[in-house]
Amino acid sequence: MRILLIISLFCAMAMLHGQQNTVFLTENGAVGFVSEAPLEIIKASSSSLKGAIDVEKQSFVFFLENQSFKGFNSPLQQEHFYENYLEIAKYPKTTFTGRIIEPLNIVPGTEQTVRAKGILDLHGMKQERMIKAVLNYQEGAIKISSTFTILLDDHHIRIPKVVSKKIASEIRVSIEAVMVPNKP
């Protein structure tokens with residue numbers, strides 16, 4: 001609910017200042033992850049990433065309902081992911097909020113690599129992160145793509161020794177989202 005309020009505030013700020021198309025939104029960005037351990041490869045994805053970028057302020061907020069991940073090797077694996085590792089009853093969302101470091105140069109038909117610096121809140125552990133992203137400027141939209149890694153220890157996600165050869169301690173994450181201007 002707090003994240004929806006933040007997105008609404010971004011939208012309201014843009015309207016109050018009379019500046020159109022400074023806030024770009026996504027409701028269905030894609031997030032995928034891969035765990036490549038010696039005995040097993042685990043993959044899952046979600047198409048429920050939501051977020052906002054305020055171009056003028058170069059600030060952003062993204063969030064994902066952790067229960068939206070699908071595509072595991074088995075229903076039992078998905079259940080363990082939800083209950084034992086992400087503990088979605090306690091930590092239902094993952095968020096990333098912050099600022100874009102480089103000045104945005106929005107010219108349709110071009111792309112720009114930027115660094116997003118912010119707080120990644122995963123499994124109740126907030127960690128400052130710098131994540132590179134490629135912004136592809138299209139007519140009326142911004143396409144974002146990024147690949148980065150997350151260390152499970154950084155977010156206090158513990159892997160029992162009995163399954164340590166099946167779950168990697170470093171997870172590769174990829175994100176794709178098309179951001180469109182907010183329509184007041």
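Buried means under 20% relative accessible area, exposed means over 50%, and partly exposed is in between, using a 1.4 Å probe and protein chains only. The model is predicted, so local features need pLDDT of at least 70 and side-chain atom pairs count only at pLDDT 80 or more, while totals for chains, interfaces and linings use all residues. Residues are numbered from 1 along each chain as its sequence is written, and side-chain values use heavy atoms, leaving out hydrogens and water.

**Exercise 1: the barrel**

Work out which strands make up the closed barrel and how they pair.

*Step 1.* Begin with the terms. Strands (E, at least two residues) and helices (H or I, at least four) are DSSP runs numbered from the N terminus. Two strands pair if DSSP finds at least two bridges between them.

*Step 2.* Follow the order: the closed barrel has eight strands, S1-S2-S3-S4-S5-S6-S7-S8, with antiparallel pairing. On average, and ignoring direction, neighbouring strands of this sheet are turned by 25° against each other; the angles are taken between axes fitted as lines to C-alpha atoms.

*Step 3.* Look at one pair. Strand S7 (residues 141-151) and strand S8 (residues 170-181) are antiparallel over 10 bridges, and Lys143 stands opposite Val178 in S8.

**Exercise 2: strand S3 and Phe62**

Find Phe62 and decide whether Phe62 is buried or exposed.

*Step 1.* Locate the residue: Phe62 is in strand S3 (residues 59-65).

*Step 2.* Apply the cut-off. Phe62 has 15% relative accessibility, so it counts as buried.

*Step 3.* Widen the view to the strand. Six of the seven residues of S3 are buried, so S3 is largely enclosed by the rest of the structure.

*Step 4.* List the contacts, meaning heavy atoms within 4.5 Å. Not counting residues up to four places away in sequence, Phe62 touches residues including Leu49, Ile53, Phe96, Ile144 and Met179.

*Step 5.* Check the partners of S3. Strand S2 (residues 41-54) pairs with S3 in the antiparallel sense over five bridges, with Ile53 opposite Phe60. S2 and S3 form a hairpin with four residues between them, and Gln58 in the turn has a positive phi of about 55°. On to strand S4 (residues 93-100): seven bridges join this antiparallel strand to S3, and Thr94 in S4 is the bridge partner of Leu64.

**Exercise 3: Gln112**

Which backbone nitrogen does the side chain of Gln112 reach?

*Step 1.* Find Gln112 in strand S5 (residues 111-122). Gln112 is buried, because its relative accessible area is 15%.

*Step 2.* Read off the partner: the side chain reaches the backbone nitrogen of Asn105 at 3.1 Å.

*Step 3.* Add the surroundings. Apart from residues up to four places away in sequence, Gln112 touches Glu102, Pro103, Leu104, Asn105, Ala133, Val134, Leu135 and Tyr137.

**Exercise 4: aromatic rings**

How many aromatic pairs does the structure hold?

*Step 1.* Use the rule: rings of Phe, Tyr and Trp (its six-membered ring) pair if their centres lie within 6.5 Å, with planes under 30 degrees apart stacked, over 60 edge-to-face and the rest tilted.

*Step 2.* The structure holds nine aromatic pairs. In one of them, the ring centres of Phe33 and Phe69 are 5.2 Å apart and the planes lie at 70°, so this pair is edge-to-face.

*Step 3.* Place the two residues. Phe33 is in strand S1 (residues 23-36) and Phe69 is in the loop between S3 and H2, so the pair ties together parts 36 residues apart in sequence. Both Phe33 and Phe69 are buried.

*Step 4.* Extend the picture: ring pairs link Phe33, Phe69, Phe72, Phe81 and Tyr82 into a cluster.

Terms used:
Axes are lines fitted to C-alpha atoms, for helices over the stretch in contact, and angles run from 0 to 180 degrees between N-to-C directions. A polar contact is a pair of N or O atoms within 3.5 Å; within protein, one must be able to donate a hydrogen and the other to accept it, and residues adjacent in sequence count only if both atoms are side-chain atoms.
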